[in-house]
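Dear colleague,

I am passing on the structure below, together with some notes on what was found in it. Please have a look at it first and then read on.

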Amino acid sequence: MNDTLFFALTAGMVAAFNPCGFALLPAYLALLLSRTDTQRAPVGRALAASAAMTAGFVAVFGAFGLVVVPLA
């Protein structure tokens, strides 16, 4: 595995456990899953929230990587 790929993989794993996200994620998920205004089951809401968070994470850090890697 080359150094650039190893660095990107390590940075992605570390970013998932940043202090803000690690502390706020349980509260955010509890807020999203406790809503009663939708008809979907809690499992459906959990899957939708997980998919949205994953897509957001990939979009933000993917865009950052696309900008930074050519400069490195």
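**Confidence and what was found**

Confidence in the protein is lowest in helix H2 (residues 19-33), where the mean is 73, and highest in H3, where the mean is 82. Please keep in mind that this is a predicted model, with a mean pLDDT of 77 for the protein and with 88% of its residues reaching 70 or more.

As for the overall make-up, the secondary structure consists of three helices and zero strands, and the order of the elements, read from the N terminus on, is α-α-α. Of the 72 residues in the protein, 4% are buried, while the accessible surface amounts to about 5900 Å², with 77% of that area belonging to carbon and sulfur atoms.

The rest of my notes concern helix H3, which spans residues 42-71 and includes Val60. A nonpolar patch of about 360 Å² lies on the surface, and the residues that make it are Phe57, Val58, Val60 and Phe61. Val60 has a relative accessible area of 54%, and because the cut-off for exposed is over 50%, Val60 is classed as exposed. The two phenylalanines of the patch are partly exposed instead, with Phe57 at 33% relative accessibility and Phe61 at 40%; both values lie over the 30% that a residue needs in order to belong to a patch.

The structure also holds one aromatic pair. This pair is formed by Phe57 and Phe61, whose ring centres are 4.5 Å apart and whose planes meet at 45°, so the pair counts as tilted, given that tilted covers planes that are neither under 30 degrees apart nor over 60. Along the sequence, Phe57 and Phe61 are four residues apart in helix H3, which means that about one helical turn separates them.

With best regards

How values were computed. Residues numbered from 1 in each chain as written. Predicted model: local features only at pLDDT ≥ 70, side-chain atom pairs only at ≥ 80, totals over all residues. Heavy atoms only, no water. Patch = residues over 30% accessible without salt bridge, like charges linked within 9 Å, V, L, I, M, F, W, Y side chains within 5 Å. Areas by Shrake-Rupley, 256 points an atom, 1.4 Å probe, with all protein chains shown as cover. Salt bridge = Lys/Arg side-chain N within 4 Å of Asp/Glu carboxyl O. Helix = DSSP H or I, 4+ residues; strand = E, 2+ residues; numbered from the N terminus. Buried < 20%, exposed > 50% of the residue type's maximum accessible area, 1.4 Å probe, protein only. pLDDT = per-residue confidence, 0-100. Phe/Tyr/Trp six-rings, centres within 6.5 Å; stacked < 30°, edge-to-face > 60°.
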